[in-house]
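Okay, thanks for coming, everyone. Have the sequence and the structure up in front of you, and let's walk through it together.

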Amino acid sequence: MLRIVTLNLNGIRSACRKGFLDWIDAQQADVVCVQEVKAHDTDLDDTMRALGEAAGHFHFAQQKGYSGVGLYARRKPKAVRIGFGCDEFDCEGRYVEADFGTYTVISLYVPSGSSSPERQAAKFRFLDRFERHLRVLKASGREIVLCGDVNIAHQEIDLRNWRSNQKNSGFLPEERAWLTRIFDEHGWVDVFRRVDPNPERYTWWSNRGQAWAKNVGWRLDYQIATPGIASKAKRAVIYTAQRFSDHAPLTIDYAVR
């Protein structure tokens with residue numbers, strides 16, 4: 001069984017102080033994808049550079065304390081790719097790809113557009129450029145699991161207050177249509193929804209009000225896969241018993257060796 005965990009840490013040092021390391025050690029995951037590391041290599045200690053036997057591979061942002069993604073793996077990858085070949089966004093630390101031969105895993109952090117119209121425009125540029133990259137990945141014929149914070153809730157079921165958020169970043173019609181194209185036209189699979197079709201399955205809660213206590217959340221974190229490996233998903237869990245971040249970990253088990 002192949003166990004993959006993804007989590008937006010909202011700061012690796014903060015998440016570790018909140019018990020992330022003890023929790024992830026108990027999961028016995030084969031691959032752990034993290035986003036919003038918010039650190040550079042010199043900020044990490046040995047417990048953050050590797051999770052036990054799982055060595056870490058990172059794409060740090062040039063800007064200090066911003067963005068950054070990581071991928072920890074028990075098996076040594078045959079190849080690791082940092083960045084996806086886009087100068088505008090590769091400097092922000094948003095992509096790590098690890099090839100394990102029979103499958104490939106990617107840790108991805110899509111920009112948020114909520115802070116300003118300029119950042120929303122940047123998010124649309126990212127989505128356009130990344131869609132082209134997804135076509136190339138799909139055409140490679142490899143089995144791929146893309147993990148990360150996509151910063152988009154796809155359907156009404158994927159956030160509590162969908163009616164009042166239709167003009168807000170993360171649930172804009174153009175963003176949702178982008179995900180629909182990825183699934184319906186390009187043939188990728190939303191693995192969590194393949195396993196769990198139930199409502200009120202969220203991975204992010206605002207720090208405002210009592211969003212967490214009232215479960216007023218959004219499903220922003222995904223494992224998106226090629227059909228072959230997606231069909232082997234057997235179990236999907238969003239862990240909410242502890243909080244390491246404003247996001248929750250998503251764990252999916254695949255019947256793959």
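So, to kick off: what volume does the largest cavity have? About 40 Å³. Keep in mind that we're looking at a predicted model here. A search of the whole structure turns up one cavity of 30 Å³ or more.

Who lines that cavity? The residues are W205, W212, Y239, T240, Q242, R243, F244, S245, H247, A248 and P249. Sort that lining by type and you get six nonpolar residues, four polar and one charged.

Okay, on to the pockets. The largest pocket has a volume of about 890 Å³. It has 35 lining residues, and the ones nearest its centre are S112, S114, N151, S169 and W204. If you want to find it by secondary structure, α5 and β12 each put at least two residues into the lining. By type, the lining of this largest pocket splits into eight nonpolar, 19 polar and eight charged residues.

The second largest pocket holds about 220 Å³ of space. There are 13 residues lining this second pocket, and closest to its centre you'll find I24, D25, L51, G52 and E53. Helix α2, residues 20-27, and strand β3, residues 50-51, each give at least two residues to that lining. The largest share comes from α2, with three residues. And the breakdown by type for the second largest pocket is seven nonpolar, three polar and three charged.

Now let's look at a helix. Find α6, residues 173-185. With 13 residues at 1.5 Å a residue, α6 should span 18 Å, and its end C-alpha atoms sit 17 Å apart, so that agrees.

Which residues of α6 are buried? They are E175, W178, L179, I182 and F183. Those buried residues cover an arc of only 125 degrees around the axis, so they sit on the same side of α6. Turn to the face pointing away from that buried side, and you meet the exposed residues P173, D184 and E185. What do the buried residues of α6 pack against? That would be α5 (117-139), β10 (189-190) and β13 (221-225). You've met α5 already, as a contributor to the lining of the largest pocket. And after α6 comes G187, with a positive phi near 85 degrees.

While we're on positive phi, there are a couple of residues to show you that aren't glycines. S67 is one of them, with phi near 50 degrees. S67 is in the loop between β4 (54-59) and β5 (69-73). Is S67 buried or exposed? Its relative accessibility is 1%, and buried means under 20%, so S67 counts as buried.

N215 is another non-glycine with a positive phi, about 55 degrees in this case. Look for N215 in the loop between β11 (204-205) and β12 (217-218). N215 is partly exposed, with a relative accessible area of 21%.

Let me finish with two residues that meet parts of the chain well away from them in sequence. Start with P77, in the loop between β5 and β6 (79-82). P77 is buried, at 11% relative accessible area. P77 and F100 are 23 residues apart in sequence, yet their C-alpha atoms are 4.9 Å apart in space. If you leave aside neighbours within four places in sequence, P77 is in contact with H57, A98, D99 and F100.

Then there's I252, in strand β15, residues 250-254. With 0% relative accessibility, I252 counts as buried too. Its C-alpha is separated by 7.6 Å from that of F192, and those two residues are 60 apart along the chain. So what does I252 touch, leaving aside neighbours within four places in sequence? The contacts of I252 are L2, R3, I4, V191, F192, Q223, A233, R235 and A236. One of those, Q223, falls within β13 (221-225), the strand that buried residues of α6 also pack against.

That's my tour, so over to you for comments.

Note on methods
Residues numbered from 1 in each chain as written. Predicted model: local features only at pLDDT ≥ 70, side-chain atom pairs only at ≥ 80, totals over all residues. Heavy atoms only, no water. Helix = DSSP H or I, 4+ residues; strand = E, 2+ residues; numbered from the N terminus. Expected span 1.5 Å × (residues − 1). Buried < 20%, exposed > 50% of the residue type's maximum accessible area, 1.4 Å probe, protein only. Arc of directions from axis to C-beta. Contact = heavy atoms within 4.5 Å. 1 Å grid on protein atoms, 1.4 Å probe; cavity = no way out; pocket = protein on both sides within 12 Å on 5 of 7 lines; lining within 4 Å. Points joined across faces, edges and corners; volume = space filled by probe spheres on them. Nonpolar A, V, L, I, M, F, W, Y, C, P; charged D, E, K, R; others polar.
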